[in-house]
Amino acid sequence: MITVTLGTNNTPATFEKIKTVLQLLNNLHLRVNDALVIRDGELLTPDRHLRPGDHVAIRPVVSRG
Amino acid sequence: MKCKRCGETAAVKLPSHHAGFCPDCFELFFKRQVETAIRRHAMIAPGEKVLVAVSGGKDSLALMRVLSDLGHDVAGLHVHLGIPDSSDPVCARTEAYCRENGFALHVLRMAELGLAIPKVKDAVHRPICAVCGKIKRHYFNRFAYENGYAALATGHNLDDETARLFANVLRWDEAYLGGQGPSLPAEGRFVRKIKPLYRLTEFETAAYCFLKGIDHWKAACPYSGGASFTSHKRLLADLEYTSPGQKTAFYEAFLAKGRQHFRGEGNDAGPVLQPCARCGYPSSAEVCGVCRIRSLVEKAGA
C-alpha cells in the first residue's frame, strides 16, 4: 500500500497495486509535469518504482493566482 | 531514468528537451536557460541594478535566487496587499527567506497608501484581480524608477507567456500582440520590464525551488477564484503532452516571425500618454487609473 498526500491537503490517500510514479500520476489524472512527486525528500521521475509502505507527496505546480 | 549530462539517477524529466537531469545538472540547465534569455533579449547590462517583483510564490523567489547566483545586482520589492489572513503570512515568509539568503527586500504596504485590496474590492465594481494587477504594476514600476533601478524583473514563466499569447491570438489583439515579449524597453517614467524565466515552465521553476530548498508560499490568493488564463494553460498543457516542445516553439516562433507584424499596431489609434495630474506617472487620461481607484476608496470610506 502506498500513502499519498496531495497538495496542501493533509489527509493522505492510500493506493494498492501501484508500481510506478507514472501509474500513480495516471491514477490521479495528472500528466507527467503537472506535479512534483516527492519521496523521502527526493524528486522522482515517472519511471521510478514505488514500494509498499512508501509515503509520497504530490505537489501540483500550476499557479492559482 | 539517467541524467543526460552525468549519468546519475535523474530527479527531473523534461520531455520537451528529450532529457532528464540529476539535481546538480538540472540547476545548471536552469541557470543556462536564464542566461540565454538575458543574453538574447539584452535584459540586463553588466552592473545594472535590477528590482525583482517578489510575491513570495515559487516563480518570484526562484527568479531572485537565480539572478543572484548569476551575479546580478538584485533587490526585491514585495507589495503587501492588506488581505486578512493572507498578506501578513505571505509577507513574513518572504521577508524570512530574503533575510536568510542575504537578499535586500523592500516592502510597500498598500494600506498605508490608501489602497488596501479589501477596501479597493468594496469600492471598485470591476474584477479585483485586474484592479490589483494594475495597482501592483504601478507601484513596482514607480519604486524601480524612483530608486534608480535599470530594470524590473518579474517571474513570468513559459506557461504564463504562452497562455497570454494564446489569449491574444484568439482575439487577434493587435496592440497586445505587438507589445508582448520577454523584454520591454524603458520609456519615459517606465523602466525596462524583463521576464528572465520566460524559457522555463512552471514545473521547472517548482522543481528548482524544491531542489534549492526555497520555501515559497503555496496557497492561492483568497480573492483569485482561479488564476487568469487557467483554461488556456490547460489546453496548452494537453498540446504539450502530446507534442513535447510545442509551447517553446509557439512562443519562440512568435518572437522570431510573428511579433514584427504587429509592431506599432494600435499605437496610432491608441491614446497618447501624459503625466497623471496627481502622481505624475504616465496615464492615458488626465488622472491615472491608480489615482482614480484611490479616489473611489476615499469616497467609499467617507
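Select S183(B) to begin: with a relative accessibility of 18%, S183(B) counts as buried, because the limit for that class is under 20%. This is a predicted model. S183(B) lies in strand β7 of chain B, which covers residues 183-184. Display the residues around it, leaving aside neighbours within four places in sequence, and the contacts of S183(B) appear: H41(B), M43(B), R192(B), K193(B) and I194(B).

Next, select helix α8 of chain B, residues 202-212. Nine of the eleven residues in this helix are buried, so the helix is mostly covered. Colour the buried ones to see where they fall: E202(B), F203(B), E204(B), T205(B), A206(B), A207(B), Y208(B), C209(B) and F210(B). Directly after α8(B) comes G213(B), with a positive phi near 70°.

Remain at the helix and show the side chain of E202(B). Which residue forms a salt bridge with E202(B)? The partner is K233(B), and the closest N and O atoms are 3.7 Å apart. This pair links distant parts of the chain, since E202(B) belongs to helix α8 and K233(B) to helix α9 (residues 230-242) of chain B, 31 residues apart. Are the two partners buried or exposed? E202(B) is buried at 3% relative accessibility, and K233(B) is likewise classed as buried, at 12%. Add K58(B), D59(B) and D160(B) to the selection; together with E202(B) and K233(B) they are linked in a network of salt bridges. Over all chains, the count of salt bridges comes to 20.

Two further salt bridges may be visited. In chain B, select E146(B) and R142(B), whose side chains meet at 3.4 Å, N to O. These residues are four apart in helix α5, so about one helical turn separates them. R142(B) is partly exposed, with a relative accessible area of 21%. In chain A, select R31(A) and D34(A), whose side chains also form a salt bridge, at 3.4 Å from N to O. D34(A) is buried, its relative accessible area being 15%.

While chain A is in view, move to H29(A), in the loop between α1 (21-27) and β3 (35-39). Most residues other than glycine have a negative phi. H29(A), however, has a positive phi near 60°. H29(A) is exposed, with 73% relative accessible area. A second example is W172(B), which is not a glycine yet has a positive phi of about 45°. W172(B) sits in the loop between α6 (158-171) and α7 (174-179) of chain B, and it is exposed at 56% relative accessible area.

Then select C288(B), in the loop between β10 (282-283) and α11 (289-301) of chain B. C288(B) is buried, with 5% relative accessibility. Apart from neighbours within four places in sequence, C288(B) is in contact with H138(B), C276(B), C279(B) and S283(B). For a sense of distance, add G76(B): its C-alpha is 25 Å from that of C288(B), and the two residues are 212 apart in sequence.

The final stop is on the surface. Select R126(B), K134(B), R137(B) and R292(B), which gather there in a patch of positive charge. One of them, R126(B), is in the loop between α4 (117-123) and α5 (128-146) of chain B. R126(B) is partly exposed, at 44% relative accessibility.

Methods. Residues are numbered from 1 along each chain as its sequence is written. Chains are lettered from A and ligands numbered from 1 in the order in which they are written. This is a predicted model: local features need pLDDT of at least 70, side-chain atom pairs count only at pLDDT 80 or more; totals for chains, interfaces and linings use all residues. Side-chain values use heavy atoms; hydrogens and water are left out. Patches are made of residues with over 30% relative accessible area and no salt bridge: like charges are joined within 9 Å, nonpolar side chains (Val, Leu, Ile, Met, Phe, Trp, Tyr) within 5 Å. Accessible areas come from the Shrake-Rupley method with a 1.4 Å probe; for residues, only the protein chains shown count as cover. A salt bridge is a side-chain nitrogen of Lys or Arg within 4 Å of a carboxyl oxygen of Asp or Glu. Lys and Arg count as positive and Asp and Glu as negative; His and the chain ends are not counted. The place of a charge is taken as NZ of Lys, CZ of Arg, CG of Asp or CD of Glu. Helices (H or I, at least four residues) and strands (E, at least two) are DSSP runs, numbered from the N terminus. Buried means under 20% relative accessible area, exposed over 50%, partly exposed in between (1.4 Å probe, protein chains only). Contact means heavy atoms within 4.5 Å.
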